Amino acid sequence: MIYSYFAAMKSYEKLLEDNKEWAHNKVKTDPFFFDRLLHVQTPQFLWIGCSDSRVPPNEITQTQPGEIFIHRNVANLVVNTDVNLLSVLDYAVNHLKVRHVIVCGHYGCGGIKAALTNHDFKHVLNMWLRNVKDVYRYHRKELDDIKDEDKKVDRLIELNVKEQLMNLAKTSIIQRAWQNEYRPDLHGWVYDLKDGIINPVLEMKAGTPIDELYKYGDL
Ligand SMILES: [Zn+2]
């Protein structure tokens, strides 16, 4: 018990130590690194990804601080009542003027796997994962026909990314930006934990026609 307490303390203290070393090394190789980032933030990309610790956006795209605006949640969902996500989207599109919004899922996603079970994860997680179950229901015919369980999960992961991209296009935030400034393009990607490669699964260029039902005529 005592040992594990100290072990835990050491692990988070190490984060702070490593941070100091990182900051020191940054300045050593690039003396103006922090000065440059201090007053301006002009990322071209908004990244909506899974919270999974194995999919760190900057590391897998070899980007630096300042290059990607990031929002992450369980199973990289775009939920139209999620004030957190919509605030990030609004800020990224209307203030940072990003040119690309990326929804990046990943094969082997625990959130997607959990949604495929009938397990009761209790209130909040049940509510969240319900969105993934809905994606399954929209594509039930295709998914039910896949007998291999892993392949079924992988396909649902791809379909979920596509569905979240469409959820973005349904927002007035994206529709207004498409109409007035012809940006941002939307990109649906899936990262493969096995080899580290990102596979594009859907692209929606700015202005891509969407179902009439979701269009706002008085933007
Ligand atoms: Zn995940």
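Is N76 buried or exposed? The exercises below concern a predicted model, and the opening question is settled in the first of them.

**Exercise 1. Characterise the backbone and the environment of N76.**

Solution.
1. Backbone: phi at N76 is positive, at about 40 degrees, although the residue is not a glycine.
2. Location: N76 belongs to the loop that runs between β2 (68-73) and α4 (83-95).
3. Environment: the relative accessible area of N76 is 2%. Buried means under 20%, so N76 is buried.

**Exercise 2. Locate K122 and describe its phi angle.**

Solution.
1. K122 is not a glycine, yet its phi is positive, at about 70 degrees.
2. K122 lies in the loop between α5 (110-115) and α6 (123-138).

**Exercise 3. Describe the peptide bond between R183 and P184, then the salt-bridge contacts of R183.**

Solution.
1. The bond joining R183 and P184 is cis, with omega about -5 degrees.
2. P184 is placed in the loop between α9 (172-181) and β4 (185-191).
3. The side chain of R183 forms a salt bridge with that of E181, at 3.0 Å from N to O. This value satisfies the criterion of within 4 Å.
4. The accessibilities of the two partners are as follows: R183 is buried, with a relative accessible area of 3%, whereas E181 is partly exposed at 40%.
5. The pair is part of a network of salt bridges that links K97, E181 and R183.

**Exercise 4. Explain how D18 and K14 are placed relative to one another in α1, and state their contact.**

Solution.
1. General principle: side chains of opposite charge can pair when their charged atoms come close.
2. Contact: D18 and K14 form a salt bridge in which the closest N and O atoms are 2.8 Å apart.
3. Placement: because D18 and K14 are four residues apart in helix α1 (residues 2-29), about one helical turn separates them.
4. Accessibility: D18 has a relative accessibility of 35% and is partly exposed; K14 is likewise partly exposed, with a relative accessible area of 45%.

**Exercise 5. Assign exposure classes to the partners in the salt bridge of K215 and E212, and state how many salt bridges the whole structure contains.**

Solution.
1. The side chains of K215 and E212 meet in a salt bridge of 3.1 Å, N to O.
2. K215, at 40% relative accessibility, is partly exposed.
3. E212 has a relative accessibility of 59%. Exposed means over 50%, so E212 counts as exposed.
4. A search of the whole structure finds 15 salt bridges, among them the pair K215 and E212.

How values were computed
Residues numbered from 1 in each chain as written. Predicted model: local features only at pLDDT ≥ 70, side-chain atom pairs only at ≥ 80, totals over all residues. Heavy atoms only, no water. Helix = DSSP H or I, 4+ residues; strand = E, 2+ residues; numbered from the N terminus. Buried < 20%, exposed > 50% of the residue type's maximum accessible area, 1.4 Å probe, protein only.
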